[in-house]
Amino acid sequence: MSEMRRVTAIKNGTVVDHIPSGNALMVIRMLRIDVSRSTPVSLVMNVPSDKVGRKDVLKIEDRELSQEELDRLALIAPAASIAIIRNHAVAEKLVVDLPSDLINIASCSFSNCITKNDREPLPQRLRVISQDPLEVRCYYCGKGQEISELIDNIL
Amino acid sequence: MGDLVTMDDLTNEEIDSVLVVAERLVPVARGDVHLPLLQGKVLANMFFENSTRTRMSFETAMKRLGGSVMNFSSIGTSVSKGETLFDTMQMIDGYADVAAIRHPRQGAAQYSADAVSIPILNAGDGAGNHPTQTMLDLLTIRQAHGSMEGLNVVLVGDLRYGRTVHSLSHALVRFGVSLTLVSPPSLRMPDEIVSDLRSHGAEVVETETLIEQIPNADVIYMTRIQKERFPDEDEYAKVAGIYKLSASDLTGAKKGMVVMHPLPRVDEIDPSVDSTDHAFYFQQAFNGVPTRMALLCRSLGVEVPEEVV
Ligand SMILES: [Zn+2]
């Protein structure tokens, strides 16, 4: 845990560790954290790590992320480890679970998909075909999705 | 559920049993036998884009089995005023027992199937799936060759945009067919599909020339190269009319080799082929009717008797 001391320890909140290097800002976006009005968020990037080479670490003060929120990270930080901190101590450890269907997490990137009409009321739904390597297809149109494009299409 | 959105909705055993039923229904499709299995049932033909052949084939199938048909066209209706597909399908859910949907957007059939409680048959969605076409193609190949295992099927023409050949090639490899893909470089089958086919253990050969493939072919499946697929005229002009079959090309073909085409044809198959034993494209077009009959019965949970007399 020594690497984590690069950022001030937090009293209460959530630490997201082992984010692939460079992806921390995307993690903030995927967690729908509005940094202009959120509780304090601290971020270290490019920390050496035994487990993943280089990694990013994110600390969010005074907010406990739910499993459902964390599962959104499956697309960009599937190996992230999460600690819920209460009164300076790790109260809970969580990992990201890749659901078999990503419902309303990102929209299909194919321009001729039926879901491109945003007045259509059914949810965006992407199907995880394989976890490693990550392969995701739109449930409706069947098109394979580039992960980089999905990140641009986060809802 | 009775939906048919993609060929993945059917196991190999289900495909077999639908084809057996379709074969049994051929005399009914021809009008030689009266078998009103679907009397009192209503099919909604939901065509959000024109496809007269497919629509008529569904309509004939339903009517030959004693059912009735509502034809919906999106032109000049609430859809052109901006109604969502979801809302249109809610209406039909209350009127019909089964719906066939044709839509310019990919994924529309799955979307509709999720939106309503009645079974949905995908009659073509964008460049996506067209499983009833695939099923009638399989029926035609079975009629010609009995089993599909080990056949060499040569797919010719627009393999890039042609959804018919995408869906068909996926189905064929499930039955142990080897594929020879003949197209100009600009119309090659997408890499992701080719690698998909190979990952199913299929032998796939890609080439640009048709003539030398003829002697080894069990099926030659011709497709039309469509002008509207091309961004500019010059690109189209380069490939238009490059693959043409005439009767004289077929002298070295195997005796049982069949030529297929989803029709309409332009100049891919010369009329001289029509009178050869190889011409199967008109039988293929007719097969749309018994195939869709069998699929309508499956969707509606109606058993077709073993003996159709
Ligand atoms: Zn899609």
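The exercises below, each with a worked solution, go through the domains, the zinc site and the chain contact of a predicted model.

**Exercise 1. The two domains of chain A**

Describe how chain A is divided into domains, and work out what kind of contact joins domain 1 of chain A and domain 2 of chain A.

Solution. Begin with the division itself: domain 1 of chain A covers 13-95, and domain 2 of chain A covers 101-152. Next, place the two parts relative to each other, for which the C-alpha centres give a separation of 24 Å. Then look at where they touch, and you find eight residues of domain 1 of chain A in contact with nine residues of domain 2 of chain A. The area buried between these two domains is about 680 Å², and carbon and sulfur atoms give 72% of that area. On the side of domain 1 of chain A that touches domain 2 of chain A, the residues are five nonpolar and three charged, with no polar ones. Finally, search for specific pairs: between the two domains the count of salt bridges is zero, and the count of residue pairs in polar contact, both at pLDDT 80 or more, is zero as well.

**Exercise 2. The zinc ion**

Which residues are the protein donors of the zinc ion, and why is the arrangement tetrahedral?

Solution. First identify the donors, which are the SG atoms of Cys108(A), Cys113(A), Cys138(A) and Cys141(A), lying 2.3 to 2.4 Å from the zinc ion. Then follow these donor residues along the sequence, where their spacing reads C-x4-C-x24-C-x2-C. For the geometry, turn to the angles: the four donor atoms around the zinc ion subtend 102 to 115 degrees, and the arrangement is therefore tetrahedral.

**Exercise 3. Chain A against chain B**

How many residues does each chain give to the contact, and what is found across the interface of chain A and chain B?

Solution. Start with the residue counts, which are 16 from chain A and 16 from chain B. Continue with the area buried between chain A and chain B, about 1,400 Å², of which carbon and sulfur atoms give 52%. The side of chain A that touches chain B divides into eight nonpolar, two polar and six charged residues. Although charged residues are present on that side, the rule finds zero salt bridges across the interface of chain A and chain B. Polar contacts, however, are counted between the two chains, with 13 residue pairs, both at pLDDT 80 or more.

**Exercise 4. The two domains of chain B**

Describe the contact between domain 1 of chain B and domain 2 of chain B, and find which residues form the salt bridge between them.

Solution. Notice first that domain 1 of chain B is written in two stretches, 7-129 + 287-299, whereas domain 2 of chain B covers 131-286. Their C-alpha centres lie 25 Å apart, and 33 residues of domain 1 of chain B are in contact with 22 residues of domain 2 of chain B. The area buried between them is about 2,400 Å², with 57% given by carbon and sulfur atoms. Within domain 1 of chain B, the residues that lose the most area to domain 2 of chain B are Met7(B), Leu19(B) and Asn287(B), which together make up 32% of what that side buries. The last step concerns specific pairs: the count between the domains is one salt bridge, and Asp16(B) forms a salt bridge with Arg142(B), whose closest N and O atoms are 2.9 Å apart. Across this domain interface the rule also finds 15 residue pairs in polar contact, both at pLDDT 80 or more.

Definitions and conventions:
Residues numbered from 1 in each chain as written. Chains lettered and ligands numbered in written order. Predicted model: local features only at pLDDT ≥ 70, side-chain atom pairs only at ≥ 80, totals over all residues. Heavy atoms only, no water. Domains from an automatic or database assignment. Contact = heavy atoms within 4.5 Å. Buried area = accessible area lost by both parts, 1.4 Å probe. Salt bridge = Lys/Arg side-chain N within 4 Å of Asp/Glu carboxyl O. Polar contact = N/O pair within 3.5 Å; in protein donor to acceptor, adjacent residues only side chain to side chain. Nonpolar A, V, L, I, M, F, W, Y, C, P; charged D, E, K, R; others polar. Donors = N, O, S within 2.8 Å, 3.2 Å for Na, K, Ca; no water. Tetrahedral: all angles 85-135°; square planar, octahedral: opposite > 155°, others 65-115°.
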